[in-house]
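Reader: I would like to go through the labels used for this model and the grounds for each. Where should we start?

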Amino acid sequence: MKIVKLFKNKRPVVSFEVFPPKPDVPIENIYDSLDKFKDLNPDYISVTYGAGGSTRGRTVEIASKIKNELGIESMAHFTCVGHTKEEICALLDQMRSHKLENILALRGDPPLNQPDFDFSKNPYRYANELIREIKVKNGFCIAAAAYVEGHVESARIKDDLINLKRKVDEGADFLITQLFFDNRMFYDFLDKLISLNINCPVTAGIMPVLKADQLKVIAAKSGCSIPARLVLLMDKYADNPEDLRKAGIEYSAAQIRDLVENGVDGIHLYTMNRPKSTRKILEQAGLLYRMHQEAYVSKQLSSFPLF
Ligand SMILES: Cc1cc2nc3c(=O)[nH]c(=O)nc-3n(C[C@H](O)[C@H](O)[C@H](O)COP(=O)(O)OP(=O)(O)OC[C@H]3O[C@@H](n4cnc5c(N)ncnc54)[C@H](O)[C@@H]3O)c2cc1C
């Protein structure tokens, strides 16, 4: 099923993001977590595409397992950096052969240790060009990345918003945001999208902070700002990993509760392959029971023939 259809009947659409195990670890290592994620009844699960090529081959394989064996809709991430047009066509064919219908189309980051990498030498310089190509090939539901506080490379947030509009105009069906910790910024971002006439569904990306050193790494990589109350919370529990984990879970749950109350289209949880924390966040956000109920009703309905 094309994920964009889910937004027509449901709010919020709840999705999980997982990443493939490293190449030297058996792929089966993720299967146990996937089974546990299945029990939580997400609307779909997305699978990241390894930066630098390390786990690239595993994305489609895992997305296929999720869809064709576990019976949950899936979405494969794809970054075009460092790929030829032929490789991209081959990947889309591979996805089709696994009956995968959803793709998160990304440009990707510069290769490791090449911060000045010249993207103009790529067949597709920006994600909007990749989206245009996939749209022409047709048949895929396309998601694109959005940055609540602007992409790190953009000198001005306004420029990044204009570039985001290009992605939607070229064919992105819905957007998933990079993580953010301050919901007010997300609401402000939505207002800006309306003023730019960007009307597709927007899913909020939520990442729990579960370890003391994680916050700095996240801020450095994503460029997102850290609200003072989150810094204080992390400082308070810096010497107590278990309490810090609980505080991180509660922070994400509170963020989600507020987003749901304000009618968010979707919640995308960066799960870091941790079903236990994911379950706790959804439980505390008041979504878990609702997701079970919806899954039960949908199962009952699908077992009744219409005529
Ligand atoms: C939800 C989500 C999932 C992700 N999953 C992965 C993953 O699985 N694997 C991975 O490696 N990375 C992933 N990323 C990270 C992503 O690859 C990086 O953020 C990357 O630097 C940008 O990719 P993009 O598709 O947003 O690029 P683009 O949309 O191309 O934007 C990149 C930069 O170029 C600018 N720009 C865009 N178009 C134009 C234009 N036409 N003219 C001038 N400037 C332009 C933008 O403003 C931005 O600053 C993910 C990010 C998000 C938000």
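Author: With the residue classes: Ala, Val, Leu, Ile, Met, Phe, Trp, Tyr, Cys and Pro count as nonpolar, Asp, Glu, Lys and Arg as charged, and the others, Gly among them, as polar. The model is predicted. In the second largest cavity, the lining has seven nonpolar, three polar and no charged residues.

Reader: What makes up the lining of the second largest cavity?

Author: Phe181, Met207, Pro208, Val209, Leu230, Met234, Gly248, Tyr251, Ser252 and Gln255 line it. Helix α10 gives the most to this lining, with four residues.

Reader: Why is the space of about 30 Å³ called a cavity?

Author: A cavity is a set of points where a 1.4 Å probe fits but cannot get out, so the term applies to this space of about 30 Å³. The count comes to two cavities of 30 Å³ or more, and the largest has a volume of about 40 Å³. The lining of the largest cavity has four nonpolar, no polar and four charged residues.

Reader: What makes the pair between aspartate 160 and the ligand a polar contact?

Author: A side-chain N or O atom of aspartate 160 is 2.6 Å from an oxygen atom of the ligand. The cut-off is 3.5 Å for a pair of N or O atoms, so the pair qualifies. For histidine 151, a polar side-chain atom lies 2.9 Å from a ligand oxygen.

Reader: How much of the ligand does the protein bury?

Author: The protein buries 87% of the 980 Å² that the ligand exposes when taken alone.

Technical notes:
Residues are numbered from 1 along each chain as its sequence is written. This is a predicted model: local features need pLDDT of at least 70, side-chain atom pairs count only at pLDDT 80 or more; totals for chains, interfaces and linings use all residues. Side-chain values use heavy atoms; hydrogens and water are left out. A polar contact is a pair of N or O atoms within 3.5 Å; within protein, one must be able to donate a hydrogen and the other to accept it, and residues adjacent in sequence count only if both atoms are side-chain atoms. Accessible areas come from the Shrake-Rupley method with a 1.4 Å probe; for residues, only the protein chains shown count as cover. On a 1 Å grid over the protein atoms alone, a cavity is a set of points where a 1.4 Å probe fits but cannot get out, and a pocket is an open set with protein on both sides within 12 Å along at least five of seven lines; lining residues have an atom within 4 Å of a point. Grid points are joined across faces, edges and corners, and a volume is the space filled by probe spheres set on the points. Helices (H or I, at least four residues) and strands (E, at least two) are DSSP runs, numbered from the N terminus.
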